[in-house]
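User: Hi! Could you walk me through this structure with me asking as we go?
Analyst: Happy to, let's pull it up.

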Amino acid sequence: MVKLTLIQGDITKLEVDAIVNAANSSLMGGGGVDGAIHAAAGPELLAECLTLGGCPTGDAKVTKGYRLPARYIIHTVGPIWRGGQNHEEQLLKSCYENALKRAEELQIETIAFPNISTGVYAFPKQKAAEIALTVLGKYAQKHHTTLKEIFLVCFDDENYQIYKKMMNNP
Ligand code: ADP
């Protein structure tokens with residue numbers, strides 16, 4: 001079993017094996033959590049990202065964590081919300097699933113997720129939380145994994161309240 005833990009705060013500060021970045025498909029950095037991660041990890045991160053050739057929406061790629069307390073960064077590209085008829089839900093589900101796949105390949109024990117796509121990409125927060133908790137909740141039942149704890153990191157209060165309610169009343 002994997003423990004699911006909700007916290008509110010800045011994902012760049014966490015001492016975990018890997019943090020997940022809500023990147024854009026260029027992997028060249030951006031605003032929001034992506035900007036915070038690049039700023040905290042330092043310029044070596046951008047240099048490694050430039051070697052990766054971008055990342056398709058829904059997929060996930062790994063870099064080192066550089067100056068972060070986290071050893072690795074798993075960069076995933078969430079969908080931009082365009083009304084909901086453009087595979088947004090399936091793509092967001094793929095982000096969580098593919099990030100977990102990368103975590104398994106790295107054989108790590110702890111990972112932290114931000115609320116992918118719920119900032120500039122405007123995915124409705126309640127719907128995004130349902131997708132995240134469905135994928136992560138299902139994964140947490142697994143026995144054959146090196147992962148021991150998954151942190152759900154909410155930065156803004158609105159997401160934190162949504163997750164708190166959903167995790168107390170599943
Ligand atoms: P996207 O483009 O995928 O929407 P954003 O970075 O704009 O990405 O927003 C994704 C989520 O990340 C939002 O819920 C936002 O509140 C959150 N966020 C912003 N900065 C941080 C941070 N330092 N740590 C954790 N989460 C953050």
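**Pocket, helices and salt bridges**

Analyst: Let's start with the pocket: helix 1 gives the most to the lining of the largest pocket, with four residues. Keep in mind that this is a predicted model.

User: Which elements give two or more residues to the lining of that largest pocket?
Analyst: They are strand 2 (18-23) and helix 1 (32-41).

User: And how many residues line the largest pocket, and which lie nearest its centre?
Analyst: The lining has 26 residues, and Ala 22, Gly 32, Val 33, Asp 34 and Gly 119 lie nearest the centre. The space in the largest pocket comes to about 560 Å³.

User: Okay, switching to helix 3. How many residues does helix 3 have, and how far does it reach?
Analyst: Helix 3 covers residues 88-106, so to speak 19 residues, and spans 27 Å from its first C-alpha to its last. That is close to the 27 Å expected at 1.5 Å a residue.

User: Which residues in helix 3 are buried?
Analyst: The buried ones are Glu 88, Leu 92, Ser 94, Cys 95, Tyr 96, Asn 98, Ala 99, Leu 100, Arg 102 and Ala 103.

User: What does Gln 107 do just after helix 3?
Analyst: Gln 107 takes a positive phi, about 55°.

User: Where else should I look for a positive phi?
Analyst: Tyr 66 is one place, with phi near 50° in a residue other than glycine. Tyr 66 sits in the loop between strand 3 (60-64) and strand 4 (72-77). Ala 122 is another non-glycine with a positive phi, at about 60°, and its loop runs between strand 5 (110-113) and helix 4 (125-139).

User: Are those two buried or exposed, or something in between?
Analyst: Tyr 66 has a relative accessible area of 28%, so it is partly exposed. Ala 122 is partly exposed too, because its relative accessibility is 43%.

User: Now salt bridges. How many does the structure hold?
Analyst: There are ten salt bridges. As background, side chains of opposite charge can pair when their charged atoms come close.

User: Which residue does Glu 97 meet in a salt bridge?
Analyst: Glu 97 meets Lys 93, at 3.4 Å from N to O. Both lie in helix 3, four residues apart, which is about one turn of the helix. Glu 97 has a relative accessible area of 32%, so it counts as partly exposed, and Lys 93 is partly exposed at 30%.

User: Which bridge links distant parts of the chain?
Analyst: Take Glu 109 and Lys 148, whose closest N and O atoms are 3.1 Å apart. That pair links distant parts of the chain: Glu 109 is in the loop between helix 3 and strand 5, while Lys 148 is in the loop between helix 4 and strand 6 (149-154), 39 residues apart. Glu 109 is partly exposed, with 38% relative accessibility.

User: And where do Lys 125 and Glu 158 lie?
Analyst: Lys 125 forms a salt bridge with Glu 158, with the closest N and O atoms 3.2 Å apart. Lys 125 is in helix 4 and Glu 158 in helix 5 (residues 157-168), so this pair ties together parts 33 residues apart in sequence.

User: Is Lys 125 buried or exposed?
Analyst: Lys 125 is buried, because its relative accessible area is 19% and the cut-off for buried is under 20%.

User: Which residues are linked in a network of salt bridges?
Analyst: Asp 59, Arg 102 and Glu 105 are linked that way. Arg 102 also appears among the buried residues of helix 3.

User: Which residues make the nonpolar surface patch?
Analyst: Met 28, Leu 46 and Leu 50 make a patch of about 280 Å². Leu 46 belongs to helix 2 (residues 43-49) and is partly exposed, with 32% relative accessibility.

User: Last topic: where are Lys 3 and Leu 4?
Analyst: Lys 3 is in strand 1 (residues 3-8), and Leu 4 is in strand 1 as well. Lys 3 is exposed, with a relative accessible area of 54%, whereas Leu 4 is partly exposed at 25%.

User: How are their C-alpha atoms placed relative to later parts of the chain?
Analyst: The C-alpha atoms of Lys 3 and Leu 136 are separated by 9.9 Å, with their positions 133 residues apart along the chain. For Leu 4 and Cys 154, 150 residues apart along the chain, the C-alpha separation is 13 Å.

Technical notes
Residues are numbered from 1 along each chain as its sequence is written. This is a predicted model: local features need pLDDT of at least 70, side-chain atom pairs count only at pLDDT 80 or more; totals for chains, interfaces and linings use all residues. Side-chain values use heavy atoms; hydrogens and water are left out. The expected span of a helix is 1.5 Å times one less than its number of residues. Buried means under 20% relative accessible area, exposed over 50%, partly exposed in between (1.4 Å probe, protein chains only). Patches are made of residues with over 30% relative accessible area and no salt bridge: like charges are joined within 9 Å, nonpolar side chains (Val, Leu, Ile, Met, Phe, Trp, Tyr) within 5 Å. Accessible areas come from the Shrake-Rupley method with a 1.4 Å probe; for residues, only the protein chains shown count as cover. A salt bridge is a side-chain nitrogen of Lys or Arg within 4 Å of a carboxyl oxygen of Asp or Glu. On a 1 Å grid over the protein atoms alone, a cavity is a set of points where a 1.4 Å probe fits but cannot get out, and a pocket is an open set with protein on both sides within 12 Å along at least five of seven lines; lining residues have an atom within 4 Å of a point. Grid points are joined across faces, edges and corners, and a volume is the space filled by probe spheres set on the points.
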